[in-house]
Amino acid sequence: MTAVMASLTVAVILILILSKEPGRSLYYYFVGPFTSKFIFFNMIESCIPVIFSGLGVAVAFKSGVTNLGGEGQIFAGAMVAVILGVWFPELPGFLGMVILLAGGLTVGALIGSVSGFLRMKWNVSDLLSTYLISMGLVQVINYLILGPFRDASKIRIQSLSIPKSYMLSRIATPSYLHAGLFIALAVAVLIHVLMKHTHTGYHLRVTGSNRQFARYGGINIRPFYVLPLAISGALIGLGGAVQIVGRFQSGFTDLTAGLGWAGIGVALIARRNPLGVVPAALFYVFLQSGAKVAMMNSDVTYEIAAIVTSVIFYLITAEVTFAFFRRRLLK
Amino acid sequence: MSGTGIPAITSTVVIMTPFLLAATGGAFSAISGLLNIALEGLMLNAAFFAIVFTNLTGSLFLGVLGAIATTLMLTALFATVSFKLKANIFICGLATNFLAIALSIVLANAFYGKTGSIQFPGMPRLQALEIPFIENIPILGDILSGHNAIVYISWVLLVVAAIVINRTPFGMRLRAVGVNQKAAQGIGINTKRVQFAALLISGFTCALGGAVLSLSLSAFVPNVTAGRGWIALVIVYLGRMKPLGILIGSVVFGFVEFISNNLQTTSNIPSGLLLSLPFFATVIALVLYSIAEQTMSKKGILRKK
């Protein structure tokens with residue numbers, strides 16, 4: 001909570017320093033997202049992929065592994081959805097959508113498993129391998145979008161589009177908010193149940209908190225490098241596919257735009273608790289939307305949100321933040 | 001020696017410099033037992049401020065100095081938050097990477113009213129320096145001579161690092177802290193101070209590494225570091241935190257990047273795919289190393305608290 005308050009304070013201070021019309025900027029930053037239905041529902045929409053990546057990272061962290069590959073996994077999930085949609089355009093709408101989502105989920109799981117397997121088999125750092133594989137994939141997918149799957153008929157650089165019939169329905173037009181929100185919420189509940197109320201979840205949590213203890217307790221710990229990274233990747237890959245069938249319909253090069261990294265912040269704000277990811281994601285996108293609205297209506301740049309976000313990252317794991325500030329205040 | 005051999009070597013020497021610098025400093029933090037994933041952000045920060053200060057002062061020397069000063073400040077912030085506020089160093093490292101990106105964009109907008117690439121016509125360029133006598137030796141002269149000053153500094157720093165780590169009391173304390181923090185504390189070493197110093201050292205070398213990236217382009221391009229800090233981090237571990245190992249690792253990854261650059265112009269392989277080469281090559285190197293390492297040591301690269 002302290003980190004959240006501190007980050008908001010930093011947002012205020014930054015605006016006071018950088019803006020020539022701080023009153024106006026502050027108003028649009030903090031109140032702006034709530035001033036119109038259109039902006040508000042778009043803010044809710046932008047929290048959908050963040051919920052998925054936040055859940056993915058939360059599962060990984062809770063199970064004692066690290067997944068820094070969110071960017072690549074979202075992108076890969078999205079690209080596979082595009083590819084499947086382009087290759088199989090004739091399916092009945094609902095079936096097509098399900099196949100696209102399943103494709104994104106599967107490819108995410110596969111990417112995660114590779115790192116998990118490398119960790120299990122040869123003790124390759126999952127932190128480094130998830131990141132490096134992800135960065136490599138981003139380049140490959142950029143190539144696919146700019147090359148073989150490019151839609152040359154469009155002025156904007158983008159991939160071919162999936163059939164309109166595969167798209168999730170919009171639930172609050174004219175905003176972009178789509179039914180993917182319900183998928184995200186359902187998945188959050190599902191992951192909560194999995195982690196809290198199942199045998200597998202118990203094993204994941206125990207190995208996550210103390211691998212040696214889990215081993216002495218009779219759990220075969222080796223699969224618990226692969227499984228959590230597979231689940232983590234699957235959730236994040238699914239999030240990428242949802243971006244395509246819910247929002248964009250086609251791929252483009254900056255699709256991930258930090259969503260994978262956002263997942264890490266969100267998972268930490270939520271204290272790695274799957275249900276907590278939902279409000280944490282809302283808070284996270286509020287910071288971004290506020291900056292967007294402020295950018296459109298006053299003189300601050302959008303990247304103010306990025307500075308505020310990094311402050312959250314700095315302070316979110318701080319054990320003594322609160323004590324520190326209290327001590328400072330008393331002096 | 002074939003006709004393309006010498007340019008390949010000279011290009012590799014130039015390309016490897018940011019790796020070598022970041023990895024040299026990264027070795028200090030790694031030896032002290034810290035996983036410093038902020039190398040990337042520290043380099044990016046320096047790349048940005050090197051251009052800002054060079055433009056401001058008209059002097060490359062002051063530009064580099066400005067880059068070093070600002071990067072040390074960012075490192076100090078990073079280290080202070082993780083030690084004083086007892087925050088997770090790995091998450092703080094990520095925060096530093098994000099902050100560096102955000103700062104470069106916000107400040108570019110505040111200073112110059114624009115984002116994206118920043119360059120100024122007429123900005124001084126890094127000059128190639130010839131080393132007397134050595135430049136006339138065939139092959140060796142091509143490898144060793146005709147680079148900019150920061151390239152030479154990176155070599156000197158590697159030697160200095162080797163001496164400091166292996167032959168000084170500070171180096172001994174550094175290694176002691178890395179091997180066993182509790183024991184080091186027990187014999188009266190202020191472990192936090194040693195680790196703080198190690199992080200500052202990595203900030204210093206990353207500053208030079210970032211500065212050479214942007215100054216050799218005479219421009220700051222967003223994401224100019226392109227994962228080099230992360231690859232440098234891998235080099236530190238592949239080189240077993242030893243200066244010679246780091247040198248070899250930097251040469252290898254410098255060469256991979258050279259091949260990747262070179263194939264973009266000479267082959268039909270799409271350049272987009274080649275951009276992924278350094279990353280996948282790093283993963284493969286990491287796997288090969290881990291296979292070799294596995295039997296020898298169970299010590300993980302990620303030290304969890």
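Helices (H or I, at least four residues) and strands (E, at least two) are DSSP runs, numbered from the N terminus. The model is predicted: local features need pLDDT of at least 70 and side-chain atom pairs count only at pLDDT 80 or more, while totals for chains, interfaces and linings use all residues. Residues are numbered from 1 along each chain as its sequence is written, and chains are lettered from A and ligands numbered from 1 in the order in which they are written.

**Figure 1. Helix H10 of chain B and the residue Arg240(B) just after it.** Of the 11 residues of H10(B), 11 are buried, so the helix is largely enclosed by the rest of the structure. A residue is buried if 20 or more other C-beta atoms lie within 10 Å of its own, exposed if 12 or fewer, and partly exposed in between, with C-beta atoms placed from the backbone. The buried residues include Arg228(B), Trp230(B), Tyr237(B) and Leu238(B). Just after the helix, Arg240(B) has a positive phi of about 55°.

**Figure 2. The side of chain B that touches chain A.** In this interface 38 residues of chain B are in contact with 39 residues of chain A (contact: C-beta atoms, placed from the backbone, within 7 Å). Four helices of chain B each supply at least two residues of this side: H4 (89-112), H10 (228-238), H12 (271-275) and H13 (277-296). The largest share, 13 residues, comes from H4(B). By type, the residues on this side of chain B are 28 nonpolar, 9 polar and 1 charged. Here Ala, Val, Leu, Ile, Met, Phe, Trp, Tyr, Cys and Pro count as nonpolar, Asp, Glu, Lys and Arg as charged, and the others, Gly among them, as polar.

**Figure 3. Chain B as a whole.** Chain B has 13 helices and 2 strands. Its radius of gyration is 19 Å, close to the 19 Å that the globule rule gives for 305 residues, so chain B is as compact as a globular protein of that length. The radius is taken over C-alpha atoms, and the rule is 2.2 Å times the number of residues to the power 0.38. Along the principal axes, the C-alpha atoms of chain B fill a box of roughly 55 × 50 × 40 Å. Buried residues account for 49% of the 305 in the chain. Of the contacts in chain B between residues at least 6 apart in sequence, 73% join residues at least 24 apart.

**Figure 4. Two loop residues of chain B with positive phi, Ser218(B) and Asn223(B).** Ser218(B), a residue other than glycine, has phi near 55°. Ser218(B) lies in the loop between helix H9 (191-217) and strand E2 (219-220) of chain B. With 17 other C-beta atoms within 10 Å, Ser218(B) is partly exposed. Asn223(B) also has phi near 55° and sits in the loop between E2 and H10 of chain B. Asn223(B) counts as exposed, with 11 C-beta neighbours inside 10 Å.

**Figure 5. Surroundings of Gly260(A) in helix H11 of chain A.** Helix H11 of chain A covers residues 259-269. Gly260(A) is buried, with 29 other C-beta atoms within 10 Å. Although Gly260(A) and Ser53(A) are 207 residues apart in sequence, their C-alpha atoms are 5.9 Å apart in space. Not counting residues up to four places away in sequence, Gly260(A) touches Ser53(A), Gly70(A), Glu71(A), Gln73(A), Ile74(A) and Ile236(A).

**Figure 6. The largest nonpolar core, with Val245(A).** This core has 209 residues, and those with the most contacts inside it are Ile51(A), Ala241(A), Val245(A), Val277(A) and Ala211(B). A nonpolar core is a set of buried Ala, Val, Leu, Ile, Met, Phe, Trp, Tyr and Cys residues joined through C-beta atoms within 7 Å. Leaving aside neighbours within four places in sequence, the contacts of Val245(A) include Ala81(A), Met97(A), Leu100(A), Tyr166(A) and Leu168(A).

**Figure 7. Helix H5 of chain A and the cis peptide bond at Pro174(A).** Helix H5 (residues 93-122) has 30 residues and reaches 44 Å from its first C-alpha to its last, close to the 44 Å expected at 1.5 Å a residue (expected span: 1.5 Å times one less than the number of residues). Asn123(A), which follows H5(A), has a positive phi near 60°. The peptide bond from Thr173(A) to Pro174(A) is cis, with omega near 10°. Pro174(A) is in the loop between helix H6 (126-146) and helix H7 (180-197) of chain A.

Technical notes:
Contact = placed C-beta atoms within 7 Å.
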